[in-house]
Amino acid sequence: MPTSPGDGQRAVLYDYALREPRLPQPVDWSLSEADIDIDTRIGMYRKLQELRQFEKRAYDLFMQNLVKGTSHLSLGMEAVATGFALAMRPDDYTFATYRGHAHSLARGMEMGPAMAELLGRENGILGGKGGSMHLTDVSKGMMGSYAIIGAHLCIANGAAWSAQMRGTDQVAVAFFGDGTTNIGAFHEALNMAVIWNLPVVFACENNLYMEYTPIDLITAVENPAADRAPAYGLESILIDGNDPDHVYLTAKKAIDKARSGQGPSLIEAVTYRSGGHSRADPGKYRPVEEVEAWADRDPIPMYHDRLLSLGTPEGRLSAIEREVAAAVDDATEYAKAGREPGEATLLTEVYADGGSAWRN
Amino acid sequence: MAELSYREAVAHGIAQEMRRDPALVMLGEDIAAAGGVFKTTVGLIDEFGPDRIRDTPISEQAILGAAMGASMTGVPVIAEIMFSDFLAVCWDIVANEIAKSRYMTGGQVSFPLVIRTANGGGARFGAQHSQSVENWAMMIPGLKVVAPSTPRDVVGLMAASVRDPDPVIFFEHKSLMAGKAEIPDGEIVDELGVAKVVREGTDVTIAALALMVPRALEAAERLADEDISAEVIDIRSLVPLDTKTILDSVAKTARFFTVEENPRLCGWGAEVASIVGEEAFWDLDGPCVRITTPHIPLPSAASLEDLAIPSADRIYKTVADSVDSRSG
């Protein structure tokens, strides 16, 4: 049986207790000097607040047992969805994973119908048929949250191919986690996007954990997306996923490139999930110093301070926080007021005739 | 009238629809310059060009993902999966994404797409290139499932499938490819969910699909020599399923047989027989009888494969014995 020097080393790597915490890298402040107008920055701050406050409310409603099933929150990771959303055109396409609340809201899904869907109500954006893991709002370019990772990168290719054929200049963006880079569909999608020169951007949110397992323990390369980009002839792009400006500028560049017919990009945005993988996971497997270090790099207080340092009055930011809080309260009331769906819709929308009949 | 083989009818049917709808595109492995490994897409690249007839890598997930994404954003698509066995490597996209997304999103998305694939045995390809997997597709809510048995039906059902707003799995049978038949001139468009009585009879009803249809017809000829009048129904479309034609026939004949190439467990005939049992019980003079491939992977050797898949002889004997035991 063949042996390699790596075998023993690997056994040690799987011991969580011996694992070094992954601490955040210093921010590249030179990017904040870039030319992003103040309205865009204020828009990003509002969006960050919306995503954060919505997710916190979703968590509270879980604790009250008003939200059943599961949920996968983006707390701590809001800068990625925010930076991209501001860089996208309204008719561009978003494809997300089960961790899709933030991406849905970022594209403009209304909070009320989104919250009602989490509560399984008739007035939910999907009428209660999809739930937390499948938020979709085609009218906003949010083409779906796909709960079995990988496929949606291939599907995003299809939307990009369609835009290419229709000559619409639309761009498709597929968001996914670090764990997705180890499933076959990721590689099939990258290859096809390159050979067909598709207007698609693949955005990897590397939050350092594939569900419960540190990504570095189960991945052949250090940077799961960026290090694989050269295998498909793409530039290796690794960015600070907690810096909305950095994300926005990188996203804009990649989206502009795709829109102008110069093909796909793969971006790895390093970020951190401040909670566990899902509702069931308290995330206790993470070193305390790692969690604390990343808490100091929370994108929202950082961006708040940056806006102040750029001359934005504190009052303007606190007004946004209050407005968003009121909107989240309204969304919660809207959701709670919704009825539970009944037999009227159970059998609808399986087929395009609106029903589910399979025989005469 | 023109005489076309089944394989030529596939290209003929696709061309008919691509001429009608300039937005329609097709993608798959070796379908363009090579004309398909079963030669079912010969000539399409010449007429419609490489933008509409696209070769792909061996990446079934990328193929069906592209088909799904394009169809949900306004471009109708025909995707080819070379062998139906290969659906297993992209089944997530078929069963979890394409089939369910309309329902999960409350009807926000539609998938005008056809997945064509070569199905069935008889070519001595062994267990991974010979399966009849129509029952895989039939059991997933949200899909439609079609399997033509003649060149004419290939064209008519292809048109119906392409024009249908729902995703259709279109099974082309490998062992029917060489068979030729006259096809009427002009556009042929059928309707999904319509079975065809391909031979009228009064004593027994035999329902069959794809390659099993000509075998059932051959068996019916021999049964006629024994004074057993067999009605043969070509199911054509498993979803939607034309149960009315079947139940009407059973009301007349009082005996029901299915001939299925799929392995026995959960074959389409189990569903159809249960419908007949539930809804035509008092019409029946005997049990519903299923004639199927056994619950085995298909073997490669010609002698073994021929033993496994229902033959005209096995159909004849099963029906004759069943009728004899009843009357005797």
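**Group meeting: helices, a sheet and a contact between chains A and B**

Let me start with a small detail: right after α2 of chain A comes Asn65(A), and its phi is positive, near 65°. Keep in mind that this is a predicted model. The helix before that residue, α2(A), covers residues 38–63, so to speak a run of 26 residues. From first C-alpha to last, α2(A) reaches 38 Å, close to the 38 Å you'd expect at 1.5 Å a residue.

Staying in chain A, let's look at a helix pair. Helix α5, residues 111–118, packs against helix α11, residues 314–337, at an angle of about 50°. Their axes are 8 Å apart. Because of that angle, α5(A) counts as oblique to α11(A). As for handedness, α5(A) and α11(A) make a right-handed crossing. Who does the touching? On the α5(A) side we have Met111(A), Gly112(A), Met115(A) and Ala116(A). The α11(A) side brings in residues including Val328(A), Asp330(A), Thr332(A) and Tyr334(A). Sorted by type, the residues of this contact are 8 nonpolar, 2 polar and 1 charged.

Okay, over to chain B and its sheet. Here 7 strands form an open sheet with mixed pairing, and the order is β3-β2-β4-β5-β7-β6-β12. Which strands sit at the edges? Those are β3 (53–55) and β12 (237–239) of chain B, each pairing on one side only. Going from one strand to the next, the twist averages 20°.

Zooming in on one pair: β6(B), residues 144–146, and β7(B), residues 168–173, run in the parallel sense over 3 bridges. If you want a spot to click on, take Val145(B), whose bridge partner in β7(B) is Ile169(B). There's a helix on this sheet too: α7 of chain B, residues 151–163, packs on it and touches β4 (77–83), β5 (113–119), β6 and β7 of chain B. The direction of α7(B) makes about 160° with that of β7(B).

Last stop, the contact between the two chains. How many residues does each chain put in? Chain A gives 36 residues and chain B gives 40 residues. On the chain A side, β2 (142–146), α6 (151–166) and α7 (184–195) each supply at least two residues. The largest share there is from α6(A), with 11 residues. By type, the side of chain A that touches chain B splits into 19 nonpolar, 12 polar and 5 charged residues.

That's my tour, so over to you.

Key:
Residues numbered from 1 in each chain as written. Chains lettered and ligands numbered in written order. Predicted model: local features only at pLDDT ≥ 70, side-chain atom pairs only at ≥ 80, totals over all residues. Contact = placed C-beta atoms within 7 Å. Helix = DSSP H or I, 4+ residues; strand = E, 2+ residues; numbered from the N terminus. Nonpolar A, V, L, I, M, F, W, Y, C, P; charged D, E, K, R; others polar. Pairing = 2+ DSSP bridges. Axes fitted to C-alpha atoms, helices over the stretch in contact; angles between N-to-C directions. Parallel < 35°, antiparallel > 145°, perpendicular 65-115°, else oblique. Left-handed = near helix turned anticlockwise from the far one by under 90°. Expected span 1.5 Å × (residues − 1).
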